[in-house]
Amino acid sequence: MEQPDFKHFGCQECAKGCDLDFDFTMAFQPIVDVENQTVFAHEALVRGINGEGAGHVFENVNSKNRYRFDQSCRVKAIKLAAELEIESNLCINFLPNAIYKPELCIRTTLAAAEKYGFDAKKIIFEFTENERIQDHDHLISIIRHYQKLNFQTAIDDFGSGYNGLTLLANTPTDIAKLDMALIRDIDQSPIRQAIVKHNMDMFHDLGIKVIAEGIETQAEYQTLRKFGVTLYQGYYFAKPSFESLAVIHWPE
C-alpha cells in the first residue's frame, strides 16, 4: 500500500478540501428508531457543491488523493453536523484503502470534533462491503483500533460484496446495514425474507445492531418489522437532505 503524505492537516484546511482540486459537501439522511420514534443517527453522504450525486464527486478521487479526500470527508461531515446541531449519532463513511495507519488517520477526526464542538463518542465509522479490500488484516486492524477508542463501527451494504461473513468471524462490527438489494420488494420474495430472517438470527446471537437501508415502501417496512427490525433508513422515511436535516415520515 502506498504511504500517503502525512502532512499535518488542520481542521480548517481539511474543511476546505485538503488541497484537493475539487470541492464537495454533504447531505444528511436520518436513520430512525421506530420503536420510540427517535433518530438513531444521521448518515453524512457526499454530494457535489451544487447537489450532484456521490458518483460525480468520486470521479475525481484516485490513489493519489484518496487519503486527503477521506480526511476531508470526515471534517466536512463533523463541521456540518455541528452547525446543524445534530444530537444523534453521526455515520461517517471511511475508505479502508485510504487509511495507512489508523492511529494517525484518526487524529484529524478527533481534532475536528473538538474544534467544532461535536461529541466524538457519537461518531459511527461505516465502511462498505462493496469496496474490494486490498489487505483484509489491515481492515480488521482499523476496526479494532476504532473500537479500542470506543467508536462504534458499521458495515454497510451487508450481503452484497466481498467481506461480510469473514469480517464478522474475525472482528464483529457493532452495526450491520442490510443491503438494499435484499430489501427491495422483500414483501413479495420468500427467498429474500428467508435470507434476512437468517441474518437477523445471526446478528442477534452476535449482539450486533441491524439497520435496514433502502426502505421505499410501506410493505417493505411492514415485512421487516415482523422480523424484529427497529432501525431503518430509506426514502420511505426521508430522502437525503442537502446540507440540512430532513423532515421524517413516521409510519402509523
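Strands β5 and β6 run parallel and are joined by 3 bridges, and within this pairing Phe158 has Leu178 of β6 as its bridge partner. The model described here is a predicted one.

**The run of parallel strands**

Strand β5 spans residues 152–158, and because 7 of its 7 residues are buried, β5 is largely enclosed by the rest of the structure. On from the β5 pairing, strand β6, which covers residues 175–178, also pairs with β7 in the parallel sense, here over 4 bridges, and Ala176 stands opposite Val210 of β7. Strand β7 in turn pairs with β8 (residues 231–233), again in the parallel sense, over 3 bridges, with Ala212 standing opposite Tyr232 of β8. Between β7 and β8 the chain passes through helix α9 (residues 218–226), and this β-α-β crossover is right-handed. Strand β7 itself, residues 209–213, has 4 of its 5 residues buried, so β7 too is largely enclosed by the rest of the structure.

The chain that holds these elements contains 9 helices and 9 strands.

**Phe227, after helix α9**

Where along the chain does Phe227 sit, relative to α9 and β8? Phe227 belongs to the loop between these two elements, and at a relative accessible area of 22% Phe227 counts as partly exposed, because the buried class ends under 20%. Leaving aside neighbours within four places in sequence, Phe227 is in contact with Ile186, Gln193, Val196, Lys197 and Met200. Of these partners, Gln193 is 34 residues away along the chain, and the C-alpha atoms of Phe227 and Gln193 are separated by 8.8 Å.

**Two residues with positive phi**

Most residues other than glycine have a negative phi. Asp157, although not a glycine, has a positive phi of about 55 degrees, and Glu243, likewise not a glycine, has a positive phi of about 50 degrees. Asp157 lies in strand β5, whereas the place of Glu243 is in the segment after β9, a strand of residues 241–242. The table sets out the accessibility of these two residues together with that of Phe227.

| Residue | Relative accessible area | Class |
|---|---|---|
| Asp157 | 13% | buried |
| Phe227 | 22% | partly exposed |
| Glu243 | 35% | partly exposed |

**The largest pocket**

How much space lies in the largest pocket? The volume comes to about 720 Å³, and the pocket is lined by 32 residues, of which Glu43, Leu45, Ala54, Asn93 and Asp156 lie nearest its centre. The elements that give two or more residues to this lining are the strands β1 (25–33), β2 (38–47), β3 (89–93) and β5 (152–158), together with the helices α2 (54–58) and α3 (66–83). Strand β5 therefore appears in two settings, as a strand whose 7 residues are buried and as one of the elements that contribute to the pocket lining.

**The chain as a whole**

Of the 252 residues of the chain, 52% count as buried. The accessible surface of the chain comes to about 11,900 Å², and 46% of that area belongs to carbon and sulfur atoms. Among contacts between residues at least 6 apart in sequence, 71% join residues that are at least 24 apart.

Conventions
Residues numbered from 1 in each chain as written. Predicted model: local features only at pLDDT ≥ 70, side-chain atom pairs only at ≥ 80, totals over all residues. Heavy atoms only, no water. Buried < 20%, exposed > 50% of the residue type's maximum accessible area, 1.4 Å probe, protein only. Pairing = 2+ DSSP bridges. Right-handed = clockwise from strand over helix to strand, strands pointing away. Contact = heavy atoms within 4.5 Å. Areas by Shrake-Rupley, 256 points an atom, 1.4 Å probe, with all protein chains shown as cover. 1 Å grid on protein atoms, 1.4 Å probe; cavity = no way out; pocket = protein on both sides within 12 Å on 5 of 7 lines; lining within 4 Å. Points joined across faces, edges and corners; volume = space filled by probe spheres on them.
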